[in-house]
Structure formats: C-alpha cells, structure tokens
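Hi,

Here is the model I said I would pass on. Have a look at it first, and my notes on what turned up are underneath.

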Amino acid sequence: MTISLDAFFAATKDSFLADFHAPLAAALQQHYYGKPHGRTAEWDTALAALPTGNIEAVDFSQSRMSIPKPDDWHLDAVELKRNLMAFKPWRKGPWHHLGIDIDTEWRSDWKWQRIAPHISDLTGRNVLDIGTGNGYFLYRMLGAGANLAIGVDPTRIFLYQFAVAQQLLPANGAHLLPLRSEHLPAFKAFDTVFCLGVLYHRRSPVDHIQELMSYLRPGGELVLETLVVPGDEYTMLVPQDRYAKMANVWFLPSTAALENLLRRVGFQDVRTVDVNKTSLDEQQATEWMTFHSLEQFLDPDNPDLTAEGYPAPLRATLVATKPE
Ligand SMILES: C[S@@+](CC[C@H](N)C(=O)[O-])C[C@H]1O[C@@H](n2cnc3c(N)ncnc32)[C@H](O)[C@@H]1O
C-alpha cells in the first residue's frame, strides 16, 4: 500500500488540470507507484494509527498551521506524539496537531511573512509550488485565498507529513504530487508559480527557470526564492564541493545576476523584493528534527561564513511576470 493520489484526480476532474490528467497519471505511475520507498510499510502503519476526521473551520492564515482537537475527541497524547514522531525529520512548519505542537527545523512562517506582502493577491488564483516540502506552504497559500494549491515534491516522507494533516481535514484545494518538476507537463495555465529553496539544487538553472515559465499562463507571476551571494551582475558562486555542508548545491548567483537571468529567459517586471540572512532562530535543530542544522553548518569562529569558508546563507525572493 502507499498513499493514493486518487483524491487529486477526482477533485480536479472539472478543472483546467483535467487536460493534464493523462501525463500526470503516467508520471505518477513511473516515478511514484512504480518506485515504492523502502520505508513505505513503516510509514503506512504510523499513518493508519493517526486519527482521521473532518475538522472544519481551520484557519490556514495562522503562522502555526493548527488543527485543534475537537472537544469530544479523547486521545492518548503520548501515543499521538509517538506516531507523529514516526515522520521525523519534520523540517517545514510549525504545525499543531490535536494538542501537540510540532516545532520544525525551519520557521517557514517567517519565510512566508517575508514573501506574502510582495506578491499578487492570491484570491481565486490557481497556484503551483515546486519543491513544496511537506505542504505547509500550500495551506498558507489557501489561507491567502488561493483556489487550488498544487505542490510538487519527490521526497516521500513529506507526502506522509502532508497526509497527516489532510486526513484530519475536509476536502480542500491543497494537493501534493510526489514528482519532480522535470516530470511535469508545460501547463501554461497557473496564475502563480512558487519555487522556494529549489533553484540551487538544480544543475541547470536556465533550464529550470524555463520549466517554471512553462507552467505559467501568459501574465502569470513567478515567485522565486533561492540562496544568493553578495555581488554584482557578474557574480556567481559555484561551490567547489559542499556549501554549508550540503552536497547538492550548484549555483548561487547575486541578486543582480539572477535578475539578468530571469530577463534573459523572457520574464518581465523582474524585481528582488527581499534579501535575508538566515538566522540561527529561523533554522535550528528541535526534538522533531534532531540532525545537525545551521549552527553546525557555519564556521564556529565566524558566523558570517559557512563551514567551507563561503558567505553564510543569504536568501533572496524575486518576483517576475510572464509576458502576455
Ligand atoms: C530546501 S527544500 C525547500 C522546501 C520549501 N519550498 C521551502 O522553501 O522551505 C527543497 C525541496 O525541493 C525538493 N526538490 C528537490 N529537487 C526537486 C525537483 N527537481 N522538483 C521538485 N522538488 C524538488 C526537495 O525534495 C525539498 O523538499
């Protein structure tokens, strides 16, 4: 068994996405159903042990994505916490499930707060979030008024973390597809495409930005958040090996270089709306994510440098429009 994605197909059968059901179903068959994860049985058991419900009136605009325990539910808090812990590491959040706070590695609400004031009003929009993680941002997008929030992320455990919330909620507009962006068709249909914290993991940034453009309708908006370095339009860091102990970081431009790249690919009205140095309060180990975190990724004698001697993590958000 594994998590079924039938609900996505049923919920979108009368939407613009129906035109893409065939390629999405084929991609899921090849990359998801056809490639079960080694821990599927363990995760299925933990998910089945967690409650299901139809908890209404959850406010998706809160910093902590909270699903309160109904007054007439009697749960064993110790067992509930143990089953939630089965899905460690919890990286993106924070969450609150039925009386238990899940303090994640990242304060993803801080990232959302930095981005939200600068983007087009999401009311009624269909949005796509590439590399969404566990779906925390999908709920925030619904909370900001989005009609449909489709997330894409290949990391299986994040699909389970999302399922923990989804099985407590009534049907809603959030859906997570366990795919890579490369597996998606060129929808040319989404009003807003988010790509937060993914670009530096891609070997070919130009191809990735072209992919992002191919998902948008003409006039649609791209919201791109990525690691950058200080410098001018000629500056780009390609780490020799690891960056902040991450093995899969390929490309850190300056904001000016990234703006150039977006314009070169064809985006208009390109602007950097936020630059933020990641703090030890925003990314840290917790009981829900017990591996090393930012503190161990920095030079112990100089927090302005990574352990490898590069500039410490600096994140920028850029907003751009696909031409009409
Ligand atoms: C650093 S996390 C960012 C998560 C979230 N968007 C955020 O900003 O906090 C990068 C995520 O991108 C996902 N990812 C990596 N390569 C991807 C790809 N080719 N397509 C879609 N997602 C990808 C990873 O599984 C991971 O969850």
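Leu314 sits in strand β14, which covers residues 314-321. This is a predicted model, by the way, so please read everything below in that light. With 17 other C-beta atoms within 10 Å, Leu314 falls in the partly exposed class, because buried takes 20 or more and exposed takes 12 or fewer. Not counting residues up to four places away in sequence, Leu314 touches Leu227, Val228, Val229, Val275 and Lys277. I also looked at Leu314 against Arg114: the two are 200 residues apart in sequence, and their C-alpha atoms are 13 Å apart in space.

On to the loop between α1 (6-11) and α2 (21-33), where Leu17 lies. Ala18 is found in that loop between α1 and α2 too. Are these residues buried or exposed? Leu17 has 20 C-beta neighbours inside 10 Å, so it counts as buried. Ala18 has 11 C-beta neighbours inside 10 Å and therefore counts as exposed. Leaving out residues up to four places away in sequence, Ala18 touches Thr12 and Lys13. Leu17 has a long-range partner worth a look: Phe187 is 170 residues away along the chain, yet the C-alpha atoms of Leu17 and Phe187 are separated by 8.2 Å.

Now the backbone oddities. Most residues other than glycine have a negative phi, and most peptide bonds are trans. Which residues go against that here?

- Lys88 and Pro89 are joined by a cis peptide bond, with omega at about 5°. Pro89 lies in the loop between α4 (77-85) and β2 (95-97).
- Gly93 and Pro94 are also joined by a cis peptide bond, with omega at about 15°. Pro94 lies in the loop between α4 and β2, where Pro89 lies as well.
- Leu98 is not a glycine, but its phi is positive, at about 55°. You will find Leu98 in the loop between β2 and β3 (100-102). Leu98 counts as buried, because it has 21 C-beta neighbours inside 10 Å.
- Ala244 has a positive phi too, near 50°, and is a residue other than glycine. Ala244 lies in the loop between β9 (236-237) and β10 (252-253). Ala244 is buried, since 21 other C-beta atoms lie within 10 Å.

Next, the interior. The largest nonpolar core has 75 residues, and the members that touch the most others are Ala149, Val193 and Cys195. Helix α7 (residues 156-166) gives the most to this core, with seven residues. If you want to start from one residue there, try Ala149: leaving aside neighbours within four places in sequence, Ala149 is in contact with Val127, Asp129, Leu138, Met141, Leu142, Gly173 and Ala174.

There is a ligand as well. How many residues surround the ligand, and which are the closest? The count is 19, and the closest are Gly131, Gly133, Thr155, Leu196 and Gly197. By class, the shell around the ligand is made up of seven nonpolar, eight polar and four charged residues.

Stepping back to the whole chain, the protein has ten helices and 14 strands. Its radius of gyration is 20 Å, close to the 20 Å that the globule rule gives for 324 residues, so the chain is as compact as a globular protein of that length. The C-alpha trace spans about 60 × 50 × 35 Å along its principal axes. Of the 324 residues, 38% are buried. Among contacts with a separation of 6 or more, 71% are between residues 24 or more positions apart.

Last, confidence. The mean pLDDT of the protein chain is 97, and 100% of its residues reach 70 or more. Where is confidence lowest, and where is it highest? The lowest is in helix α10 (residues 294-297), at a mean of 94, and the highest is in strand β7 (residues 190-196), at 99.

Over to you.

Cheers

Notes. Residues are numbered from 1 along each chain as its sequence is written. This is a predicted model: local features need pLDDT of at least 70, side-chain atom pairs count only at pLDDT 80 or more; totals for chains, interfaces and linings use all residues. pLDDT is the predictor's confidence in each residue, from 0 to 100. Helices (H or I, at least four residues) and strands (E, at least two) are DSSP runs, numbered from the N terminus. A residue is near a molecule or strand if its C-beta atom, placed from the backbone, lies within 6 Å of it. Ala, Val, Leu, Ile, Met, Phe, Trp, Tyr, Cys and Pro count as nonpolar, Asp, Glu, Lys and Arg as charged, and the others, Gly among them, as polar. A nonpolar core is a set of buried Ala, Val, Leu, Ile, Met, Phe, Trp, Tyr and Cys residues joined through C-beta atoms within 7 Å. Two residues are in contact if their C-beta atoms, placed from the backbone, lie within 7 Å. The radius of gyration is taken over C-alpha atoms; the globule rule is 2.2 Å times the number of residues to the power 0.38.
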